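I opened this entry to log what I looked up, in the order I looked. The notes go from the whole chain down to single residues.

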Amino acid sequence: MESAAQSIVSNLGQLLVDEVQEIRGVGNKVVLLMDELSTMNAFLRMISEADQSTVDHLVREWEKQVRELAYDAEDCADTYWLRVRRPMAPLQLPHIIVKWPKYQLEKLLLRRTLAADVKALLERTTTVSERRVRYGIDRAALPRSPWFTPVSAASVSANALRRADDPDDQFVGIREQVDTLAERIKADDDDRSLKVFSIVGSGGLGKTTLAVELCRQLEADFQRQALVSVSQAFDGGKDMKGLMARLLKQIVNLKEDGEQTQGNQLKINQMDVEELSSKLKELLKDKRYLIVIDDVWSVPAWEAIHVRLPENKCSSRIIVTTRIETVAKASSVSEDLVHHIKPLDLHDSKKLFVKRVFGSMGGTCPDGLKDTMDNILKKCGGLPLAIVSIASLLASYNSAGSVEMWIKVSNSIGSQMESHPTLEGMRQVITLSYDYLPHHLKACMMYLSIFPEDYVIAKDRLLYRWIAEGLVAKKRGLTLFDVAEEYFNELISRNMIQPNKLQVTKKTYSHAEMGEACQVHDTMLEVMVSKSQDANFVSLVGRQYGGGSPYGKVRRLSIHANDDNERMSQNKGVEQRHHARHGIEAMNLQQVRSLTIFQSEGLEKLLNRIGEFKLLRVLDLEDCKALQDKHMRYVCRLYLLRFLRLTGTRISEMPSEIGDLEYLESLDVGSRMCMPPTVTKLHRLERLRVPWWTLPRGLGNMKALREVDWAQLKGDVQVAREIGELQHLQVLYITVVEDPEEEFSSVLCSSLSKTCALRSLHLYSGRTLDSLLHVSSPPPLLQHLTMMGPISQFPDWISSLKHLAEFSVEWAMLAADQLLDSLCKLPSLQSIRLGMRSCKDRELIARTTHSFPALRILDLYLAGEQPEVVEFEQGSMTKLETLLLEFSDKERRIVCIDNLKSLKEVKLSGWENNPSLKRALQQLKEENENRPESSQIKVVVHHG
């Protein structure tokens with residue numbers, strides 16, 4: 001909501017003033033409108049950062065009015081760009097004489113219409129401002145979120161997981177994690193130093209529950225224990241005294257030698273922070289203590305608390321619980337001390353759910369309810385708080401005849417959280433993470449409600465969409481993509497979204513790659529859907545959302561495929577047609593800013609109307625089979641379009657008018673087709689992904705290009721030269737499809753040396769890659785390098801790539817030592833993939849000299865005959881954690897795997913009846929028998 005107001009302030013300032021001032025009396029009104037909208041934007045931000053319990057229905061309604069006003073003003077600015085500032089298409093002389101006067105007259109009329117719109121907007125702005133004053137909406141009524149709350153909202157989760165009929169010390173679903181952590185926490189070290197363990201995970205996973213159960217289980221191992229809760233915005237200056245007082249009271253009230261020292265005898269409440277710290281240090285100076293600091297939200301809060309906790313050389317322990325990854329890493333000195341709390345698996349989820357619903361019935365679920373129970377548990381995603389809350393809601397409906405109620409709850413968990421008291425605690429815990437987000441991340445988080453449940457969202461796809469929608473703010477010294485990456489990483493760090501991987505099939509290469517992606521927990525998604533629909537941020541159609549609401553203006557339209565697994569009436573087809581006719585077709589679509597379709601078939605009528613979406617910025621039609629070539633001529637008239645995704649569609653031809661989309665920033669076609677030469681007119685384009693398209697002359701005009709993917713070079717010297725002119729290029733996937741001549745190879749090498757911003761370089765040639773040997777200076781910031789094709793030796797410059805993190809090679813046919821000698825000293829190299837026919841020797845030996853200071857993943861996709869032996873000498877690959885080895889039907893042996901002291905996981909693949917694969921499995925079983933429980937190797941086998 002804030003982004004809309006911010007956007008219009010800048011747009012009006014930059015786009016309208018010069019033109020509108022030509023019309024008498026309007027210029028000053030534009031300035032007044034800008035000032036009013038700037039003030040409203042500040043007020044919207046204040047509402048966003050306010051204590052949400054103080055934001056009543058009146059404030060929410062006023063907020064909606066301001067947001068709609070900002071959207072309308074933004075529409076006014078975009079319409080101006082589209083109809084007034086956009087230049088007239090070139091005409092021949094006879095046509096100019098006839099059409100130029102008409103064109104100028106139309107522009108004048110449009111200017112006057114624009115002036116009238118600005119006046120109307122200003123009048124609305126004044127009315128909305130007066131309404132705020134009239135109804136008494138002011139700053140005093142909207143205090144910022146409280147800096148300190150003695151009881152954390154996480155306690156809701158802890159209390160919810162206790163069985164009402166069990167003793168307080170009995171918790172559900174976390175026994176294995178408790179036992180594992182308890183052994184690590186109570187283990188005594190030689191130096192007896194203080195250690196800080198962190199438990200990190202999203203709200204509702206049971207972090208506080210886990211910490212409380214650890215305290216109970218470790219009571220005999222620590223002489224002193226205490227647990228204190230911190231809140232979102234802990235202030236080390238104002239709130240430290242209260243925290244220290246609560247901590248000290250728990251310490252002094254513990255019994256020792258049959259006596260009990262009462263906290264009030266020490267006059268704890270009268271002490272200042274320094275006195276409290278001194279007393280705590282005195283009482284713990286020779287005691288082994290365990291202190292839980294629960295629900296920490298920021299690194300400064302942790303640092304302020306940490307300095308007050310004494311180091312007494314008694315093997316004491318601190319447990320920090322947090323939702324935020326950066327806090328966990330700042331608290332614990334090593335990754336080994338950070339515990340990522342795990343969701344419940346399906347078995348434990350069912351066990352917990354059935355206990356809560358059917359405890360009095362012998363703990364069984366009637367057959368008629370099992371399918372619906374599975375759907376509910378799928379949406380809960382192993383989140384204990386969600387399971388317990390929904391089970392409590394259904395506890396009164398535990399007979400087979402209650403199936404309709406169960407289906408109703410399953411299909412409306414989001415709305416049930418808003419209205420049902422039993423689910424209020426669950427909603428509070430989940431919403432708390434959202435409320436604590438900085439204002440600029442809230443819109444980005446709501447934006448995820450566009451995507452269906454369980455959808456894996458490609459990172460680049462999401463980031464470019466954020467940018468196209470204007471949700472990413474400029475930062476000096478950074479590109480918008482860099483800033484969007486910061487937003488993405490921050491949401492992961494806060495456990496708002498979960499990192500994932502998505503297979504990216506490279507048509508030019510012989511294997512699929514995994515790209516960065518993310519997912520949203522179903523329960524969190526329900527909250528985001530609720531918030532985005534309340535704010536008219538996103539309009540959803542399909543699945544449980546039905547035909548959507550035809551009322552009001554639609555800004556972002558997302559159409560989901562109907563779920564065949566949902567229970568629907570026998571008139572399913574009739575209902576769907578009714579929803580389409582009275583849903584989408586009844587909507588006002590002129591203000592739609594983004595259109596996303598997740599339905600592969602149907603929707604021809606909507607696509608036939610796509611030319612009406614004049615203000616469209618984002619068009620995402622992945623896997624939409626209804627899209628036809630005829631629709632593309634309308635798409636190419638959406639002149640404000642910034643993001644266009646057509647992967648998985650059936651279009652076979654790109655019109656030459658694609659070059660008219662002057663604001664286009666991301667174009668992802670995803671299927672092989674010829675691209676017209678007019679594509680080089682797209683001067684703002686940053687991302688271009690078209691499989692097997694030939695890079696055209698004029699590429700150098702596309703100065704903004706950041707990513708060129710799946711392209712091919714056909715020996716054109718001019719194109720090779722123009723690659724060096726792309727100074728913003730960061731990702732380059734190219735295939736050289738013809739025998740490179742000497743001039744072409746020389747120019748290409750020279751161009752690669754000039755691409756100083758390049759981070760990822762992927763080269764394929766069926767002939768030779770020896771031209772790489774002549775690169776004078778490689779891209780200094782290179783992080784990912786793939787070489788696929790014959791090469792006589794590794795280029796000398798590879799050993800200078802100090803930022804290289806991932807390396808892949810295939811078809812190189814090099815000696816084993818050549819493969820590893822050049823790479824073993826690289827300080828940042830974390831992943832190596834040696835693919836098909838990369839090694840020509842019988843033995844691949846990681847020698848003692850091959851230290852690989854940062855290597856964590858070694859992927860040996862050795863589909864050929866060689867090598868037969870993979871050996872690890874003592875001292876080699878000291879930090880290797882994951883080993884992947886392909887056997888197929890070939891003879892292969894692993895030697896001295898016990899020398900890989902940091903190894904945690906081995907993934908083997910091959911034919912099921914391959915004897916060498918069976919021997920490798922037995923070898924790993926024996927290796928695990930010689931390892932302690934905490935250092936067991938996880939073994940995964942894939943047959944085929």
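I began with contacts in the protein chain. Among those with a separation of 6 or more, 65% join residues 24 or more positions apart. I am working from a predicted model, and I keep that in mind for every entry here.

Next I pulled the overall figures. The protein chain has 944 residues, and 53% of them count as buried. Its secondary structure comes to 28 helices and 30 strands. I then took the accessible surface, which is about 41700 Å² for the protein chain. Carbon and sulfur atoms hold 49% of that surface.

**Cores**

I looked for nonpolar cores. In soluble globular proteins, nonpolar side chains tend to be buried together. The largest core here has 117 residues. Which members touch the most others? I noted Leu595, Leu619, Leu695, Leu785 and Phe807. I also asked which element gives the most to this core. Helix 26, residues 742-754, does, with five residues.

I picked Leu695 for a closer look. Leaving out residues up to four places away in sequence, Leu695 touches Val708, Ala711, Gln712, Leu713, Val719, Ile723 and Ile734. Apart from the largest core lies another, of 89 residues. Val178, Val357, Ile430 and Tyr447 are among its members.

**Rings**

I searched the whole structure for aromatic pairs and found seven. I followed up on Phe353 and Trp406. Their ring centres are 5.7 Å apart and their planes stand at 85°, so I filed the pair as edge-to-face. The cut-off for that label is over 60 degrees.

Where do the two rings sit in the fold? Phe353 is in helix 12 (residues 346-358), and Trp406 is in helix 15 (residues 403-411). The pair therefore ties together parts that are 53 residues apart in sequence. I checked burial too: both Phe353 and Trp406 are buried. Ring pairs also bring in Phe358, linking Phe353, Phe358 and Trp406 into a cluster.

**Charges over rings**

I then looked for charged ends over rings. I logged Arg556, whose charged end sits over the ring of Phe537, 4.1 Å from the ring centre. I logged Arg706 as well, which lies over the face of Phe481 at 3.5 Å from the ring centre.

**Cysteines**

How many disulfides are there? I counted zero. A disulfide is a covalent bond between the sulfur atoms of two cysteines. The rule I used asks for a pair of cysteine sulfur atoms within 2.5 Å. I still looked up the exposure of two cysteines. Cys444 has 0% relative accessibility, so it counts as buried. Cys756 has 41% relative accessibility, so it counts as partly exposed.

**Backbone**

Last, I checked for positive phi at residues other than glycine. Arg837 has a phi of about 55°. Arg837 is in the loop between strand 23 (831-834) and strand 24 (843-846). Is Arg837 buried or partly exposed? At 42% relative accessibility, Arg837 is partly exposed.

Ser888 also has a positive phi, of about 45°, and is not a glycine. Ser888 lies in strand 27, residues 882-888. With a relative accessible area of 11%, Ser888 is buried. The cut-off for buried is under 20%, so the 11% of Ser888 meets it.

Methods
Residues are numbered from 1 along each chain as its sequence is written. This is a predicted model: local features need pLDDT of at least 70, side-chain atom pairs count only at pLDDT 80 or more; totals for chains, interfaces and linings use all residues. Side-chain values use heavy atoms; hydrogens and water are left out. Rings of Phe, Tyr and Trp (its six-membered ring) pair if their centres lie within 6.5 Å; planes under 30 degrees apart count as stacked, over 60 as edge-to-face and the rest as tilted. Helices (H or I, at least four residues) and strands (E, at least two) are DSSP runs, numbered from the N terminus. Buried means under 20% relative accessible area, exposed over 50%, partly exposed in between (1.4 Å probe, protein chains only). A charge sits over a ring if NZ of Lys or CZ of Arg is within 6 Å of the ring centre and within 35 degrees of the ring normal. A nonpolar core is a set of buried Ala, Val, Leu, Ile, Met, Phe, Trp, Tyr and Cys residues joined through side-chain atoms within 4.5 Å. Contact means heavy atoms within 4.5 Å. Accessible areas come from the Shrake-Rupley method with a 1.4 Å probe; for residues, only the protein chains shown count as cover.
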